[in-house]
Amino acid sequence: MHRGFAIAFAAATVLASAAAHAADKIKIGVTATLEGTYTVLGEDGMRGYELAVKAHHGKAAGKDIETIVGSTDASPDSALRAAKKLVEQDKVDVLVSPLSGAEGIAMRDYSKTQPQITVINAASGALETTYVDPSPTFFRFNMDGAQWHAGLGDYIYNVKHYKNIAALPDDVDAIYLGLGGADAVNFLNQYQQAGGNAKLVGGSIMVDQTVLSSKGKAKEQLVGTVAASGMADTYDDPKWQAFVKAYQDAWPANKRFGSPSLLAINYYNSADAVFRALDQVNGDLSDNNKKFREALRTMVLDAPNGRITLDENRQAIGTNFVTEVVKDANGELVSKVVKVVPNVNQRLGFSKEVFDKIGLPGRDVPECKKY
């Protein structure tokens, strides 16, 4: 064989082998807050993702799952940088992103510029991401921040009898805290040092294990805190209990929390939806992911934290949990279920006309009146 031809043949064989090897894999890009204030949230989110990969035996549509991770600091700019690298340089097949609220809005807008790829929200919860000018290529299998509070107002008003709730003034029945990660722990330490003793109402990530498992005595102030979230530590559904056991068995106690956080279950469900949809369409991502997106759109996800379907904006309709922080038999802090709220949609049960008239939830919306 001519030497030049032999070299060319060998090179072609290597390229063909590499192409065949690539064809045996499906590349999933994932972003998580692995730096900054929300690092612990991002780390637990990735544990949830890894559990989903393990549950699918490392394969989707018969192909090996190759995961490429992009690190963010919860800022929109960092999320965009990570996403652009994964999509435009690494050429991932599917993007699971992002974790935090402002990141989600940025990712929605970025997805509109990349019609060839589908973005599945990892965990972010800003309502605007899917309700205001939604992207046809962006899917969210977790509820948003407003949905995560469904049932809380009724519980704290009618059961706890809190009438006056505010940020930090005196003479109120309770203080609402929407903090998470290191911010939440720092606040608790400072509040304790200042002698604060008001009852607390917590946001969803204020009372999950990313905070409840933190070190120090300051977290003791969280006992009795009422909150609401898309998950609860003591939920007795067998699917949730199996998920908790899988989480605990996957890592030694010093490498995880006592039980999975909200971020872990959100990342798990998002990845699970991706892998199930890929299986359903046998990995067909042709025609701008047409079959894949239809499989996502119509999916009924029998998730560990309750049944999840998507609405017309590809936004999750799911189960919410009103909780109260208690000590378990081992003296550890956990979120105890006090009420389960099924089928929570993005308009919280209102018609579109009524919901839009109220306005997007915010510091002054809806208006809180004292009776």
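Ser-214 sits in the loop between α8 (209–212) and β10 (226–229). The model is a predicted one, and this loop residue makes a handy place to start looking around. Is Ser-214 buried or exposed? Its relative accessible area comes to 13%, and since anything under 20% counts as buried, Ser-214 is a buried residue. The side chain of Ser-214 also has a polar partner: one of its polar atoms lies 2.7 Å from the backbone oxygen of Val-211. Setting aside neighbours within four places in sequence, Ser-214 is in contact with Val-185 and Lys-219.

Another loop residue worth a look is Gln-114, found between α4 (101–111) and β5 (118–120). Gln-114 has 13% relative accessibility, so it counts as buried. What does its side chain pair up with? The side chains of Gln-114 and Gln-116 are joined by a polar contact of 2.9 Å. Leaving out residues up to four places away in sequence, Gln-114 touches Val-87 and Glu-88.

Next come the aromatic rings. How many aromatic pairs are there? The count comes to seven. One of them is made by Phe-187 and Tyr-191, whose ring centres lie 5.4 Å apart with the planes at 15°. Planes under 30 degrees apart count as stacked, so that is the label for Phe-187 and Tyr-191. Both residues belong to helix α7 (residues 181–193), and because they are four residues apart there, about one helical turn separates them. Phe-187 and Tyr-191 are both buried.

Trp-240 and Phe-243 give a pair with another geometry. Their ring centres are 5.6 Å apart and their planes meet at 45°, so this pair is tilted. Again a helix holds both partners: Trp-240 and Phe-243 lie in α9, three residues apart, which is about one turn of the helix. How much of Trp-240 is accessible? Its relative accessible area is 0%, so Trp-240 is buried. Phe-243, at 4% relative accessibility, counts as buried too. There is also a third ring to add here, since Trp-240, Phe-243 and Tyr-268 form one aromatic cluster.

Helix α9 turns up again in the pockets. The second largest pocket holds about 350 Å³ of space. It is lined by 18 residues, and the closest to its centre are Gly-258, Ser-259, Asp-328, Glu-332 and Val-334. Which elements supply at least two residues of this lining? They include α9 (238–250) and β14 (333–344). Sorted by class, the lining of the second largest pocket has six nonpolar, seven polar and five charged residues.

Finally, there are the cavities. The structure holds three cavities of 30 Å³ or more, and the largest has about 90 Å³ of space in it. Which residues lie nearest the centre of the largest cavity? Out of a lining of 13 residues, these are Phe-141, Asn-142, Met-143, Asn-305 and Ile-308. The elements giving two or more residues to this lining are α10 (262–280) and β13 (316–327). As for the chemistry of the largest cavity, its lining splits into six nonpolar residues, seven polar ones and no charged ones.

Technical notes: Residues are numbered from 1 along each chain as its sequence is written. This is a predicted model: local features need pLDDT of at least 70, side-chain atom pairs count only at pLDDT 80 or more; totals for chains, interfaces and linings use all residues. Side-chain values use heavy atoms; hydrogens and water are left out. On a 1 Å grid over the protein atoms alone, a cavity is a set of points where a 1.4 Å probe fits but cannot get out, and a pocket is an open set with protein on both sides within 12 Å along at least five of seven lines; lining residues have an atom within 4 Å of a point. Grid points are joined across faces, edges and corners, and a volume is the space filled by probe spheres set on the points. Ala, Val, Leu, Ile, Met, Phe, Trp, Tyr, Cys and Pro count as nonpolar, Asp, Glu, Lys and Arg as charged, and the others, Gly among them, as polar. Buried means under 20% relative accessible area, exposed over 50%, partly exposed in between (1.4 Å probe, protein chains only). A polar contact is a pair of N or O atoms within 3.5 Å; within protein, one must be able to donate a hydrogen and the other to accept it, and residues adjacent in sequence count only if both atoms are side-chain atoms. Contact means heavy atoms within 4.5 Å. Rings of Phe, Tyr and Trp (its six-membered ring) pair if their centres lie within 6.5 Å; planes under 30 degrees apart count as stacked, over 60 as edge-to-face and the rest as tilted.
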